[in-house]
Amino acid sequence: GQREGAPRVSSPVGVLLGGRWRILAERPVFRDQVSTIFRARDQRESREVAVKVYRSSDPLSLQKLRRSVEILLTFRGRFTTKGCRIESSANLELILEELRAQSSLADYGAAHSCISQMDFRSSFVEIISFSHDADWNPTADPENGLMYIIMELGDTSLQKRMTECVQKMTTLELEELRSIHWAFVTVVCGLSTEGYMHLDLKPSMFYRYTDTKGVQSWRLVDLDGAMKADSQVRAQELVHAEQYCSPELAQLLLRVQREVSRVQVARKMNVWSIGMMTLETIALMPAYDLKYTWFQKWKEKDGRTTGGFLAAIAGEHSRALVTDNMIPEELREAISGVDPDMLSLLEGMLSKDVRQRYSIARCLLHRWFASKRQAVIDRRWRINEDDDLDLPGADQLDDEGNPIVKEQEETIGSDIRAYIKAQIARTKAEREVERAARAARAAGIPLGAPPVLHEIGDGSP
């Protein structure tokens, strides 16, 4: 517990943690309602790290700290730094049983081989240290009252990377998309092998990391929303991202408001949520922005209409969302023209029928990830650990060990680029109309007929 006479500091900036990590007075790396991730200077090793500081030390925050530390340390214990599994996971067979019902015996054998060799540790941020008591139990630091986790510092967030693309009117390249989608799938699969799921996944929680050989990977940095899979969760403790919420979860949450207090969560809810993020990385805007103009207005209200939005997802609202087909036809054709496998995976993840929706193991085995699975096998069975790997998406190194910069290939079709530009232009135009209308109302100028918006559910982009 916190030592008497050592109250929680008002601001963590400048605080020295563990006599080693000094929090820097720079713009935070990440912030949500529960915690903030700062940059910090490791005075022992003269490098920068990331420090996640919880805003409160209440019981709920303490529970999140302990669960995050437990999961990250579990993956450290399961795998060596080279990614070799040294300890089995109790829930591995459970994941494979899901696949058995959806695929052939050959696919089942391939999944068993692949998942058994997967280095799930590399899908999550590397933990360095954490606040603890004398027995190393995660808790508030006795010296300053702060609860924190010290982690490796990433290059950039996926949210920022996507924003850069929008600003430059370009898209993520094909191999970068494959790496990002692989990160989504391996994070959910890795959590499943430990009996967890995470319904609060968002692009802002994934960061790109570059190792000493210049090889890049995307990793999850926030595990506060992790919960036991296939369990009943108290409604007030269920953390989820509304715009990535599956239709069946929306229905359960509405029932909670009406009659029950607990929600039965299931692993395929997680497949839908990463499917929505997968679609967002391709179109560079949230999925509902692609089809429904009122969704932007909902976001601008800071979620005050959450109940109505859940009803729309669940199909119980007059402005119901057509979740049977989340991909607009124009975008579907554009994606198919770039890579049919990417479209096939997306359709399997976003099946409204839970029975038809892919399991996470089936996602891992999809043709879209063939090169990624081969890389797993190559990495696992190479004889010389110091050999450079010629893996898809990995930088090649020159004689001095520096990444060789190659001219980027045009791998995303012009149809998708044109589609995204049109959606960005439409969104900007609608915001201008809304801004002009607000200004007119403020000035007392009578407005004419309101601008025509797309009808809800008509599938218009």
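A salt bridge here is a side-chain nitrogen of Lys or Arg within 4 Å of a carboxyl oxygen of Asp or Glu. The model is a predicted one, so local features need pLDDT of at least 70 and side-chain atom pairs count only at pLDDT 80 or more, while totals for chains, interfaces and linings use all residues. Residues are numbered from 1 along each chain as its sequence is written, and side-chain values use heavy atoms, with hydrogens and water left out.

Salt bridges make a handy way in. Side chains of opposite charge can pair when their charged atoms come close. Searching the whole structure turns up 22 salt bridges. One of them joins the side chains of E347 and R332, at 2.1 Å from N to O. E347 sits in helix α12 (residues 340–349) and R332 in helix α11, so this pair ties together parts that are 15 residues apart in sequence. Helices, here and below, are DSSP runs of H or I with at least four residues, strands are runs of E with at least two, and both are numbered from the N terminus. R332 also meets the side chain of E329 in a salt bridge, this time at 3.6 Å from N to O. E329 and R332 are 3 residues apart in helix α11 (residues 329–338), which means that about one helical turn separates them.

How well covered are these residues? R332 counts as buried because its relative accessibility is 15%. The cut-offs are simple: buried means under 20% relative accessible area, exposed means over 50%, and partly exposed is in between (1.4 Å probe, protein chains only). Both acidic partners of R332 come out as partly exposed, E329 at 46% and E347 at 35%.

A similar arrangement turns up in helix α5 (residues 174–193), where R178 and E175 lie 3 residues apart, about one turn of the helix. Their side chains meet in a salt bridge of 2.8 Å, N to O. Within this pair, R178 is buried at 10% relative accessibility, whereas E175 is partly exposed at 31%. Elsewhere, R20, D42, E45 and R47 are linked in a network of salt bridges.

Some charges are grouped in another way. R27, R31, R55 and K160 form a positive surface patch. Patches are made of residues with over 30% relative accessible area and no salt bridge, with like charges joined within 9 Å and nonpolar side chains (Val, Leu, Ile, Met, Phe, Trp, Tyr) within 5 Å. Lys and Arg count as positive and Asp and Glu as negative, with His and the chain ends not counted. The place of a charge is taken as NZ of Lys, CZ of Arg, CG of Asp or CD of Glu, and accessible areas come from the Shrake-Rupley method with a 1.4 Å probe, where for residues only the protein chains shown count as cover. Of the patch members, R55 is found in the loop between β5 (47–54) and α1 (59–78), and R55 is partly exposed, with a relative accessible area of 41%.

Turning to the strands, two of them pair if DSSP finds at least two bridges between them. Strand β7 (residues 148–151) pairs with β5 in the antiparallel sense over 4 bridges, and with strand β6 (residues 127–130), again antiparallel, over 3 bridges. I150 in β7 is the bridge partner of V51 and also of S129. Side chains of β7 alternate: Y148 and I150 point one way, I149 and M151 the other way, and all are buried.

A further set of 3 strands forms an open antiparallel sheet in the order β8-β10-β11. At its edges stand β8 (156–157) and β11 (216–220), each with a single partner strand, so one side of each is left without a neighbour in the sheet. Strand β10 (residues 206–210) is joined to β8 by 2 bridges, and T156 has R208 in β10 as its bridge partner.

A few loop residues round out the picture. S46, in the loop between β4 (35–42) and β5, has a positive phi of about 50° although it is not a glycine. M169 is another non-glycine residue with a positive phi, near 55°. M169 lies in the loop between α4 (158–167) and α5 and is partly exposed, at 33% relative accessible area. N91 belongs to the loop between α1 and α2 (92–100) and is partly exposed too, at 22%. The C-alpha atoms of N91 and T193 are separated by 4.8 Å, with their positions 102 residues apart along the chain.
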